Every structure is written in C-alpha cells, then in structure tokens.
Amino acid sequence: MVAGRPLAAEQDGQLMSALWVNAAGLVLLGLIVWWFWLSKPKARRADADLPIEIIVENGVYTPSVIETPAGKPVRLRFLRKDPSPCAEKVLFDALGVSADLPVGQPVELTVQPPAPGEYEFTCQMRMYRGTLVAR
Ligand SMILES: [Cu+2]
C-alpha cells in the first residue's frame, strides 16, 4: 500500500495487474498449443547430390522432415551435438539402416526409400523422431 494513495485507485491498480497476469497466461497458453499441436516442422527437400545435414540436439532432429524423391538414394549427414546416450544411434526401421553417432563427428548415411511414403527415423528409444517423405 502506498501511503496517501486513495483506496479506489489502489484497488484499480491491483485489478489491472491481475488482468495483465491473466492476459499473459492466455498468450502463453496459446503459444504452447501452437507449439505442440499446430506448428508443422519445416520440411527440407533433398536435392542433387548434396548431403542434407541433420543436427541431433535437445531431443530433436533438425530438420526433422526431409522430402526426397522415391526410389533415389539420398545422403544424410547426421551431426550429433547431444552427449546423452539417448542420441547415440539413429535407426531407419523400415529401411533396415542404422548407425552409431559419435558426439561431434558427422556420420553420413545413404538411404533409399523404395516407394512413395513416409519413413520414420528415430533414436533407439524412439524419443528423437524424424520423417523421410518420399514422393
Ligand atoms: Cu533416445
């Protein structure tokens, strides 16, 4: 309480700050909803013979969606920055390809999706997840 300030003004001030807290909460909630349910990861398109670099860090592959022509080999270069054992392998279950990823050392893989479709790649615990989209 500020000495000498009229009580009504004091209450108005408290009401306003309560409203601001609620508004901030709503904005935060909106961001959370957007982040988890509405945002689509940006797809990277594989082109020519350049390998696509995929960073392995903080529980996500970046990029996590890679578009590629079906029936053609695509080169993926994984760079693991996450030292936790969770990130130490990458597996393309449906393609029968897997690799160990040493921290800080790029590992290049060539995979070839046989037909149009979505091919998931994950860590061994399936916490890291990415998708190869063959068209
Ligand atoms: Cu894992």
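# Reading the strands of a predicted model

The model is predicted; the protein chain averages a pLDDT of 86, and 83% of the residues score at least 70.

Reader: Which element of the protein chain has the lowest mean pLDDT?
Author: Strand β6 (residues 89-92) has the highest mean pLDDT among the elements, at 98. Where pLDDT is low, the predicted coordinates should not be read in detail. At the lower end, with a mean of 71, is helix α1, residues 7-38.

Reader: How many strands are there in the protein chain?
Author: From the N terminus on, the elements run α-β-β-β-β-β-β-β-β-β-β. The helix therefore comes ahead of the strands in that order. Beside one helix, the count of strands is 10.

Reader: What is the order of the strands in the open sheet of four strands?
Author: The pairing in this sheet is mixed. One pair, β2 and β5, runs parallel and is joined by five bridges. Another pair, β5 and β8, runs antiparallel, also with five bridges. The order across the sheet is β3-β2-β5-β8.

Reader: Why is one side of β3 and of β8 left without a neighbour in the sheet?
Author: The order of the four strands is β3-β2-β5-β8. β3 (60-62) and β8 (107-111) stand at the edges, so one side of each has no neighbour in the sheet. The reason is that each has a single partner strand.

Reader: How many degrees does the twist average from one strand to the next in this sheet?
Author: The sheet is open and has four strands. Going from one strand to the next, the twist averages 30 degrees.

Reader: Which residues of β5 lie on its covered face?
Author: In a regular strand the side chains alternate between the two faces of the sheet. In β5, the uncovered face holds Arg75, Arg77 and Leu79. Arg77, on that uncovered face, has Glu108 as its bridge partner in β8. The covered face holds Val74, Leu76, Phe78 and Arg80.

Reader: Which residue stands opposite Phe78 in β5?
Author: Strands of a sheet pair through backbone hydrogen bonds, either parallel or antiparallel. Five bridges join β2 to β5, and this pair is parallel. The residue opposite Phe78 is Ile54.

Reader: Which residues have the most contacts inside the largest nonpolar core?
Author: This core has 16 residues. The elements giving two or more residues to this core are β2 (52-57), β5 (74-80), β9 (117-122) and β10, and β5 gives the most, with three. Leaving aside residues up to four places away in sequence, Val56 touches several residues, including Tyr61, Phe78, Ala87, Leu101 and Tyr128. The residues with the most contacts inside the core are Val56 and Phe78.

Reader: What is the bridge partner of Ile66 in β10?
Author: Ile66 is on the covered face of strand β4 (residues 65-68), together with Thr68, while Val65 and Glu67 are on the uncovered face. Three bridges join strand β1 (residues 43-45) to β4 in parallel, and Ala43 stands opposite Val65. Four bridges join β4 to strand β10 (residues 129-134), also running parallel. In β10, the partner of Ile66 is Leu132.

Note on methods: Residues are numbered from 1 along each chain as its sequence is written. This is a predicted model: local features need pLDDT of at least 70, side-chain atom pairs count only at pLDDT 80 or more; totals for chains, interfaces and linings use all residues. A residue is buried if 20 or more other C-beta atoms lie within 10 Å of its own, exposed if 12 or fewer, and partly exposed in between; C-beta atoms are placed from the backbone. Two strands pair if DSSP finds at least two bridges between them. A nonpolar core is a set of buried Ala, Val, Leu, Ile, Met, Phe, Trp, Tyr and Cys residues joined through C-beta atoms within 7 Å. Two residues are in contact if their C-beta atoms, placed from the backbone, lie within 7 Å. Axes are lines fitted to C-alpha atoms, for helices over the stretch in contact, and angles run from 0 to 180 degrees between N-to-C directions. pLDDT is the predictor's confidence in each residue, from 0 to 100.
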